[in-house]
Amino acid sequence: FHRGRWRNDRGGWMLMPVGPINEQHEPTTFVGARRPVVETLIIPATWGEIGAGVFGDVRDVTYRAYLVTGLNSSHFGSEEGIREGRQAGGQAFAEDFAVVGRADWHLAEGAIVGGSLYSGNSGQTANFSGRVTLGEVHGDAKFRGLSLRALYARGSIGDAAAINDANGLSGDSSIGKSFGGWYANAGYDIAPLIGKSWSLTPYAQYEQMDTQRSVPAGFDRNPANAQRLFTAGVAIKPVSQTVIKFDYQHVSNRAHTGV
């Protein structure tokens, strides 16, 4: 419902306003042939829930604030973290709810800095709350042919030991009591330099993430979940709505089983 520039209402199935990619997740909007792992396992894009809330603009600040159905901890795991706990509407449990908010400050044309915070219980029909808290800060800038993006995210899961017991997880298969990661990338469109009308953008990206920054007492961390990823490649856009990407990715982890 449109009330004005500063205040509007929204309800139904909504994309969570967490991170740069979740709300704008088409391949033309990010570098790399794949989404950053940080915005796949730490921030579980694409992530949508049923709820309602408000959004709008106040001068140079854009904001969103929603009340939504919470995650479902019965699907949490060690490698994919909270990702499989997304309910995505349909047959979602609504015993537990969450709140999520975001604000972006438009510093200048093409440049923003912002952050978001999600918090809510995930136990649903279980006898524990399993509160999940996830926060992130990000920056995004585009100037002529140059594009820059960076993000830092950190989260925690309450009642992690109880969730492990309920999900039958033991040893280093524990969910992370805390989890997090960051990435930074850059690209530059060189097509105008060589007299081409279409886009030709070499890019590079570096990521660090761990779905088990800490685990409950009596459980172990799996070193394979502490990853570092370097990606380099090129994106070709013959038209603005179409992109062809080629890239190379090197993945390392503390278990020395990277590729």
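This report walks through the fold of a predicted model, from its overall build down to a few single residues.

**The big picture**

Let's start with the parts list: the protein has two helices and eleven strands. Reading from the N terminus, the elements come in the order β-α-β-β-β-β-β-β-α-β-β-β-β. The C-alpha atoms sit in a box of roughly 65 × 55 × 30 Å, taken along the principal axes. How does the radius of gyration fit with a compact globule? For 259 residues such a globule would come out near 18 Å, and the protein has 19 Å, so the two agree.

Of the 259 residues, 46% count as buried. Now take the contacts between residues at least 6 apart in sequence: 62% of them join residues at least 24 apart.

**The sheet**

The eleven strands form an open sheet with antiparallel pairing, and their order is β1-β2-β3-β4-β5-β6-β7-β8-β9-β10-β11. Which strands stand at the edges? They are β1 (8-15) and β11 (242-253); each has a single partner strand, so one side of each is left without a neighbour in the sheet. On average, neighbouring strands of this sheet are turned by 15° against each other, direction ignored.

Three neighbouring pairings are worth a look while you have the structure open. The table lists them, each with one pair of facing residues.

| Strands | Sense | Bridges | Facing residues |
|---|---|---|---|
| β6 (132-143) and β7 (146-157) | antiparallel | twelve | Gly139 and Ala150 |
| β7 and β8 | antiparallel | eleven | Tyr152 and Trp182 |
| β8 (178-188) and β9 (199-214) | antiparallel | nine | Trp182 and Gln208 |

Trp182 is a handy landmark here. On the β7 side, Tyr152 stands opposite Trp182 in β8, while in β9 the bridge partner of Trp182 is Gln208.

The hairpin of β6 and β7 has two residues between the strands, and Arg144 there takes a positive phi near 55°.

**Helix α2 and its two faces**

Next up is helix α2, which covers residues 160-167. Which of its residues are buried? They are Ala160, Ile163 and Asn164. These residues span an arc of only 105° around the axis, which puts them on the same side of α2. There's a general reason behind patterns like this: an α-helix has 3.6 residues a turn, so residues three or four places apart point the same way.

What do the buried residues of α2 pack against? Their partner is strand β7. On the face turned away from the buried side, you'll find the exposed residues Asp165 and Ala166. Right after α2 comes Gly168, which has a positive phi near 70°.

**The nonpolar core**

The largest nonpolar core has 34 residues, and the ones touching the most other members are Phe76, Ile82, Tyr118, Leu134 and Ile157. Who supplies this core? At least two residues come from each of α1, β3, β4, β6, β7, α2 and β8.

Leu134 makes a good example of how such a residue is surrounded. Leaving aside neighbours within four places in sequence, Leu134 is in contact with residues including Val18, Ile42, Trp47, Ile82, Tyr118, Arg154 and Phe179. So two of the names from the core list, Ile82 and Tyr118, turn up again among the contacts of Leu134.**Odd spots in the loops**

Finally, a few loop residues have backbone settings to look out for. A cis peptide bond joins Ala45 and Thr46, with omega about 0°. Thr46 is found in the loop between α1 (38-42) and β2 (48-58).

Arg59 is not a glycine, yet it has a positive phi of about 55°. Where is Arg59 found? Its place is the loop between β2 and β3 (61-69). Is Arg59 buried or exposed? Arg59 is exposed, because its relative accessible area is 75% and the cut-off for exposed is over 50%.

Ala88 is also not a glycine, and its positive phi is about 60°. This residue lies in the loop between β3 and β4 (97-108). With 44% relative accessibility, Ala88 counts as partly exposed.

How values were computed
Residues are numbered from 1 along each chain as its sequence is written. This is a predicted model: local features need pLDDT of at least 70, side-chain atom pairs count only at pLDDT 80 or more; totals for chains, interfaces and linings use all residues. Side-chain values use heavy atoms; hydrogens and water are left out. Two strands pair if DSSP finds at least two bridges between them. Helices (H or I, at least four residues) and strands (E, at least two) are DSSP runs, numbered from the N terminus. Axes are lines fitted to C-alpha atoms, for helices over the stretch in contact, and angles run from 0 to 180 degrees between N-to-C directions. Buried means under 20% relative accessible area, exposed over 50%, partly exposed in between (1.4 Å probe, protein chains only). The arc is that of the directions from the helix axis to the C-beta atoms. Contact means heavy atoms within 4.5 Å. A nonpolar core is a set of buried Ala, Val, Leu, Ile, Met, Phe, Trp, Tyr and Cys residues joined through side-chain atoms within 4.5 Å. The radius of gyration is taken over C-alpha atoms; the globule rule is 2.2 Å times the number of residues to the power 0.38.
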